[in-house]
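Biologist: I should be grateful for a close look at one part of this structure, namely the pairing of its charged side chains. Please explain which residues take part and where they lie.

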Amino acid sequence: MKNYILKTLCAAALLSFVACSEDSDPSPVAPESSADVSLSSGGETPVAGSSAAVNGSSAVVPAITSSSSYDDGVDGVNPVVQITEIMYRMDSTFANLQWVEVHLKSGGNRKTRNMGMDTLRLEAPIPFTFPADDWSEGDYVVVTNDVDMFKQAYPTFTGKVYGPWGIDPKTGVLGKLVKEGDVIELKIKGEGDFDAAYSNEPPWTSRADGKGFSLSYMGGNGTQASSWTASGTKYGTPGAANDFTAPTFVRINEIMPFSISADSWVELYNSGDADVNVTDWIIKNVVRDSNYTISGPNAPYVVPAKGYLVLNCGEGGDFDRVLVISDLGGAFYLREFVGDEKSGTESSILVAASKLSSGVVDVSDGSIAQGALQTPTPGAANAPLHVGSVIINEIYYHEPDVITSDMVGAIPFEFLELKNVSEVDVKLFATVNGSSRGWKIEGVNKEFGATDVIPAGGMMVLVRDSILDLLTEAKIRADYSIPDAVKISAYKGKLSNRGEMIAIKQPYAQDAKAQWYYDWSDATLYSDRWEGLKEADGLGKSLNRVEPSTMGYESKAWVAAAPTPGK
């Protein structure tokens, strides 16, 4: 689940999910004033038990009240379950250990539930069906890839731990949480109760990526980065309520790569109500694996409340040495100075491979979207996101089961429709300095080939490979009246029924180490809780694009309508 989205990590109460319904979003906050909970360093303690205390430098994120009209799913009958903690990449102490924590938030009409009777299960990439054990309301249980290793890592753990999880049907080997990110589905009674996403790229916290901290759920939509942060305690708190690190209100707001006529610059934004001194804070350039200290000739460097600070990266600029930001883009992290470690709070951005500036923009639902901007705006609110020649035009993400006459049983049908909004044909395959690479769609594991072309003004329909295994292309084309001129292609992934980030990425450049860098043509973080679009959530309609002038993060860029693939 790689993404450009930088939703505000606002403090949120743990919210509830139940079969066929989901909780409400945290209350929207004012544009350019959301608290970016890029989280501070918690105390690093030895491998410990399941209920380690919050370090003194950390704080539990306070609850806020939701104003959304969506049902929170507590109907008094069905249980409410959540994935509340993910250890997808441990440190070297137990490098191969992975685990997921599941919380029975509510037992519904019973304080004790038999989860086998309730058919609770995890699905790919880590399939696991929970046994017929009784859980008490409020329990936190763990499922892992290696029970013995888990017990070694957490010798004082006394709760329920299950495992190993099963074989991933895609790979044929033991399931694995890949460090690049994925979506974990928790299902009960035949419906998707809770989808949990994770990633090792901005805006997701880097502290859960091989540094021994877990990814901890704060509340809200489990597929969005805003709902997760690193644990306040090293190695997490499996089997107990989560702890969180304290928020910061300063974020990286815009980055301009260098050009012939001007130096590059970094813009910071302070969403808080007090000025923040960022002198001696660190900016890390991941591509170059280099840290740069904000300590130039204009110190002290202060980001005013609800205001901006622009830092010059060129010669004689605002760093201890020149911070090079090339047009290859990459991940950048802002970290607060804390003692000798220079760690602490963290904000991040994934800069597009482009000559345009990259930044974050406020979305009407209170979230923040991230990507290349139409124009640079140093020291001011950001311009709209730039969109390329190919856009996501339709998303059929939660179709009711479809039964066909030429097979027994039912399969869920889903598709993506792409549209070329330019006046020239777009070949979804690029050659740079003699090397070639296909465009790709992150979120569904799709890379295009040398023959994939979308004609000017034309479309392409993408379906799951498992659909094409069961149905012929001819039948799909006939059932949905897809014109012969519209190509049908397959992807390996699956669209989440709860929502996830989908991005179209175009190969932009390749460096001397054969590393490819990508520009972004379009992206969206769709949600089953978008106001006014509920009919696209399993009720037979799809999301249809009505606003193609900027990236599709806004709910108002879509309408719920009858599916029309290829038309």
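Modeller: The side chains of Lys440 and Glu442 meet in a salt bridge, with 3.3 Å from N to O. Glu442 counts as buried, because its relative accessibility is 11%, and the cut-off for that class is under 20%. The model in which this pair is found is a predicted one.

In general terms, side chains of opposite charge can pair when their charged atoms come close. The structure holds 22 salt bridges, and two further pairs may be described in detail.

One of these joins Arg437 to Glu447, whose closest N and O atoms are 3.8 Å apart. Arg437 belongs to strand 32, which covers residues 435–438, and Glu447 belongs to strand 34, residues 446–447, so the salt bridge ties together parts that are 10 residues apart in sequence. As for exposure, Arg437 is partly exposed, at 32% relative accessibility. Glu447 is likewise partly exposed, with a relative accessible area of 42%. Both values fall in the class between the cut-offs of 20% for buried and 50% for exposed.

The other pair is Asp522 and Arg545, where the closest N and O atoms of the salt bridge are 2.8 Å apart. This pair links distant parts of the chain: Asp522 sits in strand 39 (residues 516–525) and Arg545 in strand 40 (residues 542–545), 23 residues apart. Asp522 is buried, its relative accessible area being 0%. Arg545 is buried too, with a relative accessible area of 10%.

Salt bridges also join into a network, in which Arg121, Glu123, Glu185, Lys187 and Lys494 are linked.

These pairs may now be placed within the chain as a whole. The secondary structure comes to three helices and 41 strands, among them strands 32 and 34, which hold Arg437 and Glu447, and strands 39 and 40, which hold Asp522 and Arg545. The chain has 567 residues, of which 58% count as buried; Asp522, Arg545 and Glu442 are in that class. The accessible surface of the chain comes to about 21200 Å², and 52% of this area belongs to carbon and sulfur atoms. Finally, where contacts in the chain join residues at least 6 apart in sequence, 68% of them are between residues at least 24 apart.

Conventions: Residues are numbered from 1 along each chain as its sequence is written. This is a predicted model: local features need pLDDT of at least 70, side-chain atom pairs count only at pLDDT 80 or more; totals for chains, interfaces and linings use all residues. Side-chain values use heavy atoms; hydrogens and water are left out. Helices (H or I, at least four residues) and strands (E, at least two) are DSSP runs, numbered from the N terminus. Buried means under 20% relative accessible area, exposed over 50%, partly exposed in between (1.4 Å probe, protein chains only). Contact means heavy atoms within 4.5 Å. Accessible areas come from the Shrake-Rupley method with a 1.4 Å probe; for residues, only the protein chains shown count as cover. A salt bridge is a side-chain nitrogen of Lys or Arg within 4 Å of a carboxyl oxygen of Asp or Glu.
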